[in-house]
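Me: Could you walk me closely through one single part of this structure, and tell me what surrounds it? I would like to see how that part fits with the rest.

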Amino acid sequence: MSAKRRPPIAHVPLKDRANCDQCGELVDTRANGVGEVVHGVAINRQQGGANMIALMERQHRWLCRPCIDLRKRGHKWEQTKLDLFGESDG
Ligand SMILES: [Zn+2]
């Protein structure tokens, strides 16, 4: 078994680099699986749930794929430097 290698960041233009909001890892913001934190309105659909975000405002804050995966699995980080996803404890 071979561990997946992270592609080198050295060739990534500076404008496309950012630090993950959660772990601080330097990421290529164009890379598959990297995500930008946004604010917006989730529009309900007839079948239930929501599948579209309108009025999206970019936050220029990014998360790496592992951090997104952890979050999707319900991982709770300790109080973070930034209030991701607008949640608050309490
Ligand atoms: Zn991360």
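Reply: Happy to. Let's start with a working term: two residues are in contact if their C-beta atoms, placed from the backbone, lie within 7 Å. This is a predicted model, where local features need pLDDT of at least 70, side-chain atom pairs count only at pLDDT 80 or more, and totals for chains, interfaces and linings use all residues. Residues are numbered from 1 along each chain as its sequence is written.

I suggest we look at the pairing of strands E3 and E4, after a quick word on the setting. The chain holds one helix and four strands, arranged as β-β-β-β-α when read along the sequence. Helices (H or I, at least four residues) and strands (E, at least two) are DSSP runs, numbered from the N terminus. As for confidence, pLDDT is the predictor's own score for each residue, from 0 to 100. The chain average is 83, and 77% of the residues score at least 70. Strand E1 (residues 17-19) has the highest confidence, at 96, while strand E4 (residues 50-63) has the lowest, at a mean of 90.

Now to the pair itself. E3 and E4 run antiparallel and are joined by eight bridges; strands pair if DSSP finds at least two bridges between them. Together they form a hairpin with five residues between the strands, and Gly48 in that turn has a positive phi of about 100°. Two partners help you find your way along the pair: Ala42 has Ile53 of E4 as its bridge partner, and Val38 stands opposite Arg58 in E4.

How well covered is strand E3? Hardly: among its 10 residues (35-44), the count of buried residues is zero. By the definition used here, a residue is buried if 20 or more other C-beta atoms lie within 10 Å of its own, exposed if 12 or fewer, and partly exposed in between, with C-beta atoms placed from the backbone. For the chain as a whole, 8% of its 90 residues count as buried.

Glu36 is a good residue to zoom in on. It sits in strand E3 and is partly exposed, because 14 other C-beta atoms lie within 10 Å. Setting aside neighbours within four places in sequence, Glu36 is in contact with Arg58, Gln59, Arg61 and Trp62. Its C-alpha also lies 6.8 Å from that of His60, 24 residues away in sequence, and 9.4 Å from that of Cys20, 16 residues away.

His60 takes us across to strand E4. It has 9 C-beta neighbours inside 10 Å, so it counts as exposed. The backbone of His60 deserves a glance too: phi is near 55°, a positive value in a residue other than glycine. Leu55 is another residue of E4, and it has a positive phi of about 55° although it is not a glycine. Leu55 is exposed because it has 9 other C-beta atoms within 10 Å.

Ala54, also in strand E4, is exposed, since 8 other C-beta atoms lie within 10 Å. Not counting residues up to four places away in sequence, Ala54 touches Gly40, Val41 and Ile43. The C-alpha atoms of Ala54 and His39, 15 residues apart along the chain, are 9.2 Å from each other.

Finally, how does the pair meet the rest of the chain? Trp62, which we met as a contact of Glu36, belongs to the largest nonpolar core, along with Val27, Leu63, Cys64 and Cys67. Such a core is a set of buried Ala, Val, Leu, Ile, Met, Phe, Trp, Tyr and Cys residues joined through C-beta atoms within 7 Å. Within that core, Val27 touches Trp62 and Cys64, and its contacts beyond four places in sequence also include Ala18, Cys20 and Val34.

Helix H1 (residues 65-72) contains Asp69, which counts as exposed because it has 12 C-beta neighbours inside 10 Å. The C-alpha of Asp69 is 9.4 Å from that of Gly33, 36 residues apart along the chain. As a closing chain-wide number, among contacts between residues at least 6 apart in sequence, 42% join residues at least 24 apart.
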